[in-house]
Amino acid sequence: MNRSKLVIIGNGMAGVKCVEEIIALEPDTYEIVIYGNEPRPNYNRIMLSKVLQGEHSLQDIIINDWTWYAEHHIRLCTGETVHRIDTRGKYIETESGLKETYDVLILATGSSPFIPPIPGIDKERVMSFRTIDDCTRMSDYSKTYRKAAVIGGGLLGLEAARGLLHLGMEAVVVHNAHYIMNRQLDQKAAAMLQQELEGQGMSFLLAKNTQKITGRSQAQGLQFTDGSKLEAQVVIVAVGIRPNVDLARRSGIATNRAIMVDDYMRTSVPDIYAVGECAEHRGIRYGLVAPLYEQGKVLARTLCGQETSEYKGSIPYSQLKVSGVDVFSAGEISGEGMQTAIQHLDGIQGTYKKVLMQAGKVRGAILFGDTTEGTALLGLVQRGADVAELAPREGAPDPAEMAAAALPAQETVCACNNVTKAAIMNAIQEQGLETADQVKEQTKASGSCGGCRPMVAALLKHTHNLKKSGGTGVVATPDKPAPMPVCSCTELGHAELKEIMADIDVLETGLPDISLILQKLGWGSELGCSVCRPVIHYYLQVSGGTMVVREMEGHSEIQVRWDDQIPLSSYARDARGLAAQLRASWIGAAMPSPVNMGVAPGPGSLVSALVQDIGLLASPAGWEIYAGGHAEHPVKQGGLLGVAETEVQAATLASACLQWYRQTAWYDEPLWAWTERLGFMSIRETLLDDQLQKELAATLQADI
């Protein structure tokens, strides 16, 4: 068989991950050649700090040893730096003079430490922290010197400082921001982490800018722009990374800050692709492992001619152990319009949780000390879930287990050791594993950085619960996250349950009470629970069903407010009359969630129509009707549904909106969250259909 030749420039984690995926999909499609500039096989850079700290040896962090390359007939050329690509002749050339033709070329050149232009940066004993050789140098320095400074208070800088402490050196972290890890944490979480690290012996100088590195030919210390100084015999620079793009740029491949790629990782030159830290997708570069692995999977399927969804970008997240402390960060933690949805601090347990939102959607999260909710929160961030999903429910399923269940079987759980969900669940089932430590021992999952341990624990729980319910094997789930079940009694989500309820005719089926309905649905509990019973009652009512049992059928709280603090002008009298009419019309109607409605006689009213679930504002043209506002946290201004000339028309449009909300919302979903889920413009277009508007308003009256 005549195979095409695939050449990969770069023997790092992203490029080799892509090769692993290709081998798994189509092992006989390509003759594979890999060029790497280090004299060793593929290893895990994430674990360098663990080697420095003495927790692992070099062999422990090797991902694919020499035998792996041989077994898969991959030719690995180590210690070779490619300096030229002839895109017309389709060959590459190394600095040592080697030439290699290719049919398909992958650029996985990664990145290099960013070296800031500080005077003295080229002195002896000034170094970066990026490779195994760097670990060796730092270890050698520790045998002679005692005082070290680390420039950079990000994750890499902190890990380097922790390693220096382990080697017996004094470590001072110098950071130009006011708090450490400012890209992943807020000020509170950073302060908690700093306190923990200071307890381990680390020192910090914050809001400091290094002016120069002192000493003649060798580093002797740092001098700062404020005139202060720090003695240091070894200086570690860990201020960020820079994509390796010079090779691509010299070869005529389009670059910006990195090598520009499309949604299938294609560069501007045919048959040349880029993946990993050297790639720029939709203007974004990624430096974390998970996005790079996602890119590798898309590229592998593309090269194997298999159907694949395009790479649309990734939500950046970190779930790590920083010097033994569990830290989780996902999504956006700052920015315009960002608000705090949840914030909890437990000073005794040393834990902290903060969830951020924007326009009613979950956008970011920070956990410190206890990261068991990390996977569940990441899922909410990734799909931009409504903040309503953050509310805890009594009897609701464990969100971490739900996230574990929704994860595709072949998804990588432990990036450090390349362990999938399927491998973990199979090991638990086949070997009867009972604890997360046993899973770690058998599969290596969570055995390196420890960031995936919460997911391992969730998979353990999920596997055992599957066994209790009679399930076996690993069920491959779709890539789309499974809907959150209504409660622990069922696997049905709100959409599916509501659809089923609409098809049940209580009178025709002769089902006399809720227990028979639940039995028909295969419910896990004969009478349901406090979470699902009102949900079922409500969905039956709005779908036209009639319940024989008399229990709460939904929220019936509708508050209608108007301003009684202004003189009774004609507008005020009209507002009072309309408010009374709507209160009488709507009272007793079952709602998905409590509804606040306001009637304002004019712009100067104490009642703001713009921050009510439904607001009516008198104006010279008649009435302006608003929907989707929220006066409490998060404050949200409603949108204009329409303008009515008369009180009757205003009442009809407001009633139609309320009924459309009743028919299409999930139980417990606030009206403002409903408008964001369906889209305000979609709701507006629906309700401005005159005939449908009248039908909806009439249905509301008939249901009361």
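**Close-up 1. Helix α5 and its buried residues.** In this predicted model, α5 tucks away G157, L158, E159, A160, A161, G163, L164 and L165, which are buried. The helix covers residues 155–166, and its end C-alpha atoms sit 17 Å apart. Does that fit, and what would you expect? Counting 1.5 Å a residue, its twelve residues should span 16 Å, so the two values agree. Just after α5 comes G168, with a positive phi near 95 degrees.

**Close-up 2. Strand β30 and its two neighbours.** What happens to the residues of β30 (residues 614–619)? Six of the six are buried, so the rest of the structure largely encloses this strand. In a regular strand, side chains alternate between the two faces of the sheet. Here both faces of β30 are covered, with I614, L616 and A618 buried on one side and G615, L617 and S619 buried on the other. Strand β29 (residues 595–600) runs parallel to β30, joined to it by four bridges; look for G598 partnered with G615. Strand β31 (residues 622–627) pairs with β30 the antiparallel way, over six bridges, and I614 has A627 as its bridge partner there.

**Close-up 3. Helices α19 and α20 packing together.** Helix α19 (residues 647–664) packs against helix α20 (residues 671–678) at about 75 degrees, their axes 11 Å apart. That angle falls between 65 and 115 degrees, so α19 and α20 count as roughly perpendicular to each other. From α19, the contact uses C657, W660, Y661 and T664, while α20 brings L671, W674, R677 and L678. Sort these contact residues by type and you get six nonpolar, one polar and one charged.

Methods: Residues are numbered from 1 along each chain as its sequence is written. This is a predicted model: local features need pLDDT of at least 70, side-chain atom pairs count only at pLDDT 80 or more; totals for chains, interfaces and linings use all residues. Side-chain values use heavy atoms; hydrogens and water are left out. Helices (H or I, at least four residues) and strands (E, at least two) are DSSP runs, numbered from the N terminus. The expected span of a helix is 1.5 Å times one less than its number of residues. Buried means under 20% relative accessible area, exposed over 50%, partly exposed in between (1.4 Å probe, protein chains only). Axes are lines fitted to C-alpha atoms, for helices over the stretch in contact, and angles run from 0 to 180 degrees between N-to-C directions. Angles under 35 degrees count as roughly parallel, over 145 as roughly antiparallel, 65 to 115 as roughly perpendicular and the rest as oblique. Contact means heavy atoms within 4.5 Å. Ala, Val, Leu, Ile, Met, Phe, Trp, Tyr, Cys and Pro count as nonpolar, Asp, Glu, Lys and Arg as charged, and the others, Gly among them, as polar. Two strands pair if DSSP finds at least two bridges between them.
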